[in-house]
Amino acid sequence: MEKNMLSLFSASQNIWKVLLALGFSIGVLALVCMKFVQQTSNLASVWLPTALLITVLFHYRYRDWIPLFCAAALGLAAAQTLAGAPFLSYWPYILNNFIEAGICVLLLRKLLPAQDPLSGPTNWIKFLAVAVIFSPLLSSAISTLLIMHSHSARELKQHFATWYISEAVGVLSLAQFGLIYQRGYWQQLGHSRRLYKLLLTLVLTLLSGFLALKWLPYPFAFIILPLLWTAARLPRVEAFFIFLCMTLMITLLQSTGSISVKLHFTPFPESLLFTPLILILLPANAMAMAMHALRVEKSYITQSESRFRNAMEYSAIGMALVSPLGKWLQVNKSLCNLLGYEANDFKTLTVQEIVDPEDLSKDQSLLQQLLDGEIQSYQIEKRYLCRNGERVWALLAMSLVRDDNQNPLYFISQIKDISELKRTEITNKRLSEALHEEKERLYITLNAINEAVISTDRHMNITFMNPVAEKMTGWAEPQAQGKLVSSIVHISVGRDGPRVDNLMQFEINKNLPLSVDQSLILHGHHTGQFDVQVAVSQLRTLKDDPIGIVLVIQNVSKSRELMRQLSYTASHDLLTGLSNRGSFEESLKSALQLTADKHQHHSLAFIDLDYFKAINDTAGHAAGDELLRQLSYLMQDQIRNSDKLARLGGDEFALILFNCPQEQGLQVIRQLVRKINEFQFTWNNQLYRIGASAGITRIVDTSVNGSEYMAQADVACYTAKNSGRGQVFNYEAQQKRLSPRPI
Ligand SMILES: Nc1nc2c(ncn2[C@@H]2O[C@H](COP(=O)(O)OP(=O)(O)OP(=O)(O)O)[C@@H](O)[C@H]2O)c(=O)[nH]1
């Protein structure tokens with residue numbers, strides 16, 4: 001029978017085998033229980049088939065229930081028939097058994113976990129409420145209703161009580177074992193000590209039970225002792241198995257007449273013989289469940305301790321358990337390796353002996369806070385002393401373990417080697433300081449220099465501007481930062497010339513000639529215009545990737561002004577502001593070029609003042625100077641802007657009338673001489689008059705050079721002088737020969 005039950009509990013895949021085993025087992029159990037019926041009354045005092053059906057239904061899916069019920073029905077019917085019951089008489093009771101088992105399993109499935117239905121005391125109480133109290137009471141009520149019409153009230157009460165006790169004893173004995181038994185449990189025991197322990201306990205328990213039943217008064221009061229001993233000694237499933245065996249043994253002994261269980265209290269009907277069995281099974285089962293809960297907790301604690309021990313032992317960082325007095329209770333390998341001590345050395349060492357004295361009091365207050373429960377843990381960097389005298393930097397993480405009364409038990413110290421990190425930290429600190437110094441120096445340098453310096457990122461957005469750059473562009477650095485450099489730096493070629501869009505054309509590496517006369521103008525934002533020189537350098541990473549540019553803008557306004565002044569001085573007569581001889585000769589070359597290129601004809605005139613020396617002599621040199629200035633202004637006023645008037649020296653002037661026909665040129669010079677002749681010069685309230693003689697020649701021939709044309713004009717002027725002054729003479733070819741006068 002046991003074998004058949006086992007195969008049932010193991011939830012075999014082969015349903016036919018299960019059905020056969022279930023039908024057979026239920027039949028046998030029913031027969032045994034019914035055999036017992038005949039000894040007492042018309043109801044069995046112990047009824048095991050329903051308990052067996054409950055365990056099987058619990059383990060199988062709902063869709064298997066119908067065949068299972070059929071197999072159980074066949075087994076029960078066969079047993080009833082063998083026991084001699086009329087065919088139709090027992091079916092209502094079989095149906096009642098099925099209702100009880102079905103409702104019971106539905107509720108158990110709802111309330112208990114499928115994996116381990118009796119996993120704790122709470123689940124066990126739920127099981128009692130459903131399977132031992134509610135379901136048997138229900139089926140008792142139904143079975144009583146079935147016979148209500150043909151029995152007296154006393155008989156009905158007795159029937160109800162007997163039915164309930166028989167079902168409850170059956171469920172209490174068998175269903176618990178069936179619910180928690182797992183396939184392969186007996187195979188696991190094999191021939192181990194556990195198996196012999198089980199068998200010994202089984203034999204001793206059953207033997208003591210038998211002896212008590214046979215010879216002792218109140219036998220159940222004694223039987224509870226071996227059952228409790230079993231519950232304390234064996235795992236839950238084995239204890240339940242022995243409880244089942246005890247029930248079966250008592251049932252068999254009673255049914256075979258080997259013993260005679262008697263009730264010593266008259267109010268109990270004879271059919272309630274096994275009420276005491278419930279009363280001893282309940283505490284025994286409770287004990288088994290309590291012991292199971294204890295074992296589970298112990299196993300959990302053991303596993304937890306083992307996990308902690310392993311984690312500590314094989315941890316990559318140093319770990320230790322330290323007593324509140326500073327004694328090392330336990331250390332791991334990593335800590336030994338870190339400090340160079342053997343584990344045994346720590347027995348004689350205190351924490352104070354291996355911590356750098358300078359760091360000893362470092363965490364005193366944190367330690368106190370930890371002990372006072374103000375913090376749960378803390379971390380601190382400390383130096384530890386190695387066995388070889390070296391110091392090693394470590395990160396210490398401390399936490400405290402307390403007992404149930406919150407008294408400190410021991411500290412858990414985790415000590416991580418951070419020497420490498422510290423070295424890197426020190427190097428980084430030095431590097432950072434050096435970098436800061438360098439940056440500071442650069443910043444001061446950039447602030448101190450006279451050039452505007454602007455740097456950008458790779459997208460040409462401004463990242464830095466020095467004060468000079470701020471002053472020249474008219475933008476403060478914070479406002480300019482992040483803006484495109486082209487939106488801040490406006491540079492044009494010449495004051496009104498085209499704007500420079502591509503600043504990279506000023507890149508230093510291109511070796512462009514930079515000269516002050518390259519008239520680049522920076523247009524500031526409300527700060528005016530600056531003559532500038534621009535140099536651009538690309539910034540690159542070590543991998544040569546561009547990361548931006550540095551723009552250096554030099555304000556060359558002053559030097560360019562100086563250049564302009566020098567240039568002016570070199571080409572102008574400082575007294576009159578007219579062009580000087582050198583500049584005039586350049587203009588003459590241009591005139592000759594225009595004649596050559598565009599066939600233009602020009603007029604070249606020499607003008608020499610008459611009696612100028614007399615002004616000097618009578619009114620003074622300063623008066624002569626002033627007269628020269630006023631006459632220059634007068635002459636300049638008579639000619640076009642495109643014409644060129646120059647003072648060659650002393651009181652001699654030269655004039656080129658560009659692209660001017662001969663007759664018109666002659667008229668202009670005559671007009672000019674007349675104006676000079678008519679000019680009245682006032683000096684110290686004295687009125688002075690002066691005159692001028694002029695010679696004129698035409699520039700038409702490209703084969704004649706500038707010097708020759710100058711000489712021609714001079715000759716003509718000389719002729720005018722010699723002809724009585726105040727005259728204008730045209731150059732004639734023969735004049736040169738007649739009056740050879742050097743220019
Ligand atoms: N005030 C002044 N006098 C100058 C300057 N340069 C030359 N002279 C004088 O100008 C005079 C020029 O000489 P001349 O051309 O012989 O004098 P002139 O009286 O005009 O003689 P004619 O041309 O023959 O009429 C000299 O007395 C120079 O000293 C100058 O920059 N300022």
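Me: Which exposed residues sit on the face of H25 turned away from its buried side?
Reply: Glu 663, Gln 664 and Glu 678 are the exposed residues carried there. Exposed means that 12 or fewer other C-beta atoms lie within 10 Å of the residue's own; buried means 20 or more, and partly exposed is in between, with C-beta atoms placed from the backbone. This is a predicted model, in which local features need pLDDT of at least 70 and side-chain atom pairs count only at pLDDT 80 or more, while totals for chains, interfaces and linings use all residues. Residues are numbered from 1 along each chain as its sequence is written.

Me: And which residues of H25 are buried?
Reply: Gly 665, Leu 666, Val 668, Ile 669, Leu 672, Val 673 and Ile 676. They lie on the same side of H25, because they cover an arc of only 160° around the axis. That arc is taken from the directions from the helix axis to the C-beta atoms.

Me: Why would residues a few places apart point the same way?
Reply: An α-helix has 3.6 residues a turn, so those three or four places apart point the same way.

Me: How many residues does H25 have, and what does it reach from end to end?
Reply: H25 runs over residues 662-678, which is 17 residues, and reaches 24 Å from its first C-alpha to its last, close to the 24 Å expected. The expected span is 1.5 Å times one less than the number of residues. Helices (H or I, at least four residues) and strands (E, at least two) are DSSP runs, numbered from the N terminus.

Me: What covers the buried residues of H25?
Reply: The cover includes E12, H24, E14 (652-657), E17 (691-699) and E18 (728-730). Contact here means C-beta atoms, placed from the backbone, within 7 Å.

Me: Take E14. Is it mostly covered or mostly open?
Reply: Mostly covered: five of its six residues are buried.

Me: Which strands does E14 pair with?
Reply: E12 runs antiparallel to E14, with six bridges joining them. E13 (residues 644-649) is also antiparallel to E14, through five bridges. Strands pair if DSSP finds at least two bridges between them. As examples, Ile 607 has Phe 653 in E14 as its bridge partner, and Ala 646 stands opposite Ala 654 in E14.

Me: What is between E13 and E14 in their hairpin?
Reply: Two residues; in this hairpin Gly 650 takes a positive phi near 50°.

Me: Which residues come nearest to the ligand?
Reply: Gly 650 is one of them, along with Phe 612, Lys 613, His 621 and Gly 624, out of 15 around the ligand. A residue counts as near if its C-beta atom, placed from the backbone, lies within 6 Å.

Me: Which elements supply that shell?
Reply: E12, H23 (612-619) and H24 (621-638) each give at least two residues.

Me: Back to phi. Which residues other than glycine have a positive value?
Reply: Asp 544 is one, at about 70°, and His 599 is another, near 55°. Most residues other than glycine have a negative phi.

Me: Where are those two?
Reply: Asp 544 is in the loop between E10 (529-540) and E11 (546-555). His 599 is in the loop between H22 (581-598) and E12 (602-610).

Me: Buried or exposed?
Reply: Asp 544 counts as exposed because it has 7 C-beta neighbours inside 10 Å. His 599 has 9 inside 10 Å, so it counts as exposed.

Key:
Two residues are in contact if their C-beta atoms, placed from the backbone, lie within 7 Å.
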